[in-house]
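This report goes through the side-chain packing, the aromatic pairs, the disulfides and two backbone details of one protein chain. The sequence and the model are shown first.

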Amino acid sequence: MEFATRKRRSGKHVSSRTVGMVAALTVGASLLAAPQAFAADDPGPANLLQACNQASLCKFHPQSYWTYTGPNHRVGDSLFNCGSQTNSTAVAWEDTTTSGNSVGVSVTAGYKFADVFEAEIQTTYGHTWQKSHTDRQTTTVNVPRNSVGWIERGVGKQAAKGWWEIQFKRRYYGHFDWYVYNYQESGWRSTFGYVNTKDRPMTSAERNQHCR
């Protein structure tokens, strides 16, 4: 990635503040009003977001928001029915969904950027955002004879994309102002998702293991 300091304008006074950027824009990307800047040193987007705790300004500029259903995965225990008729069992399960982002920084309460992001999504799109959410539920699974049954869940999720503006009172990696582009975060959303029950015949190995 190539970096350069902000050029001086002839005939006018220019501030000694310098500007840096990380995560260069891809060709054709639309980032309206996002400043263009370069820097000689690159701390990386992860370090910059963690440094929001000590920054004089740490602001997220959202550009898009959407909802979707995450990939299915199993929750609760598998049920093996060794009997001669269908067995109905109530299975209590819990599933935790945590926020994740495109720079790989843990979204915890200890980081200022996580709180800034949540507040901006609430203000801009009117949706609450949680760093972590646990769902607890009891689901009845009907398992046919000589079969194994389980529960599958697809979590309702929300995501947002935008860019960060970060300023420091003292130079950080040689510059006062930094921008992180193409930041994306996803997290739990209550109004989407599904819970399904599944079953299939047991294999011979499973019958030997569970039906003795």
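The model is predicted. Tyr-183 is a useful place to start. Leaving aside residues up to four places away in sequence, Tyr-183 touches Leu-49, Phe-60, Asn-101, Ser-102, Val-103, Phe-113, Phe-117, Ala-160, Lys-161, Gly-162 and Trp-164. Apart from the core that holds Tyr-183 lies another one of seven residues, including Val-91, Val-141, Val-143 and Ile-151.

The largest nonpolar core has 23 residues, and those touching the most other members are Phe-113, Phe-117, Trp-164, Ile-166, Phe-168 and Tyr-183. Two or more residues each come from helix H1 (45-50), strand S2 (57-69), helix H2 (112-125), strand S7 (147-172) and strand S8 (175-201). The most come from S7, which gives five residues.

**Aromatic residues**

One aromatic cluster is made up of Phe-60, Tyr-111, Phe-113, Phe-117, Trp-129, Trp-164 and Tyr-183. Across the whole structure, a search finds 14 aromatic pairs. One of them is stacked: the rings of Tyr-65 and Tyr-125 have their centres 5.1 Å apart and their planes at 25°. Tyr-65 lies in strand S2 and Tyr-125 in helix H2, so this pair ties together parts that are 60 residues apart in sequence. Tyr-65 is buried, with a relative accessible area of 19%, while Tyr-125 counts as partly exposed at 26% relative accessibility.

Another pair is edge-to-face, formed by Trp-163 and Tyr-181, with ring centres 6.1 Å apart and planes at 65°. Because Trp-163 lies in strand S7 and Tyr-181 in strand S8, the pair ties together parts that are 18 residues apart in sequence. Trp-163 counts as buried at 4% relative accessibility, and Tyr-181 is buried with a relative accessible area of 1%.

An aromatic ring also meets a charge: the charged end of Arg-74 sits over the ring of Trp-150, 4.0 Å from the ring centre.

**Disulfides**

How many disulfides does a search of the whole structure find? There are two disulfides, and counting bonded cysteines along the chain their pattern is 1-2, 3-4.

| Disulfide | S to S distance | S-S torsion and hand |
|---|---|---|
| Cys-52 to Cys-58 | 2.1 Å | about 70°, right-handed |
| Cys-82 to Cys-211 | 1.9 Å | about -80°, left-handed |

Cys-82 lies in the loop between strand S3 (73-81) and strand S4 (87-98), and Cys-211 in the segment after helix H3 (204-210), so this disulfide ties together parts that are 129 residues apart in sequence. Cys-82 is partly exposed, with a relative accessible area of 35%. Cys-211 also counts as partly exposed, at 29% relative accessibility. In the other disulfide, Cys-52 and Cys-58 are both buried.

**Positive phi values**

Where is Asn-146 found? Asn-146 is in the loop between strand S6 (132-143) and S7. Its phi is near 55°, a positive value in a residue other than glycine. At 30% relative accessibility, Asn-146 counts as partly exposed.

Tyr-173 has its place in the loop between S7 and S8. Although Tyr-173 is not a glycine, its phi is positive, at about 50°. With a relative accessible area of 39%, Tyr-173 is partly exposed.

Notes: Residues numbered from 1 in each chain as written. Predicted model: local features only at pLDDT ≥ 70, side-chain atom pairs only at ≥ 80, totals over all residues. Heavy atoms only, no water. Core = buried A, V, L, I, M, F, W, Y, C linked by side-chain atoms within 4.5 Å. Buried < 20%, exposed > 50% of the residue type's maximum accessible area, 1.4 Å probe, protein only. Helix = DSSP H or I, 4+ residues; strand = E, 2+ residues; numbered from the N terminus. Contact = heavy atoms within 4.5 Å. Phe/Tyr/Trp six-rings, centres within 6.5 Å; stacked < 30°, edge-to-face > 60°. Lys NZ or Arg CZ within 6 Å of the ring centre and 35° of its normal. Disulfide = S-S within 2.5 Å.
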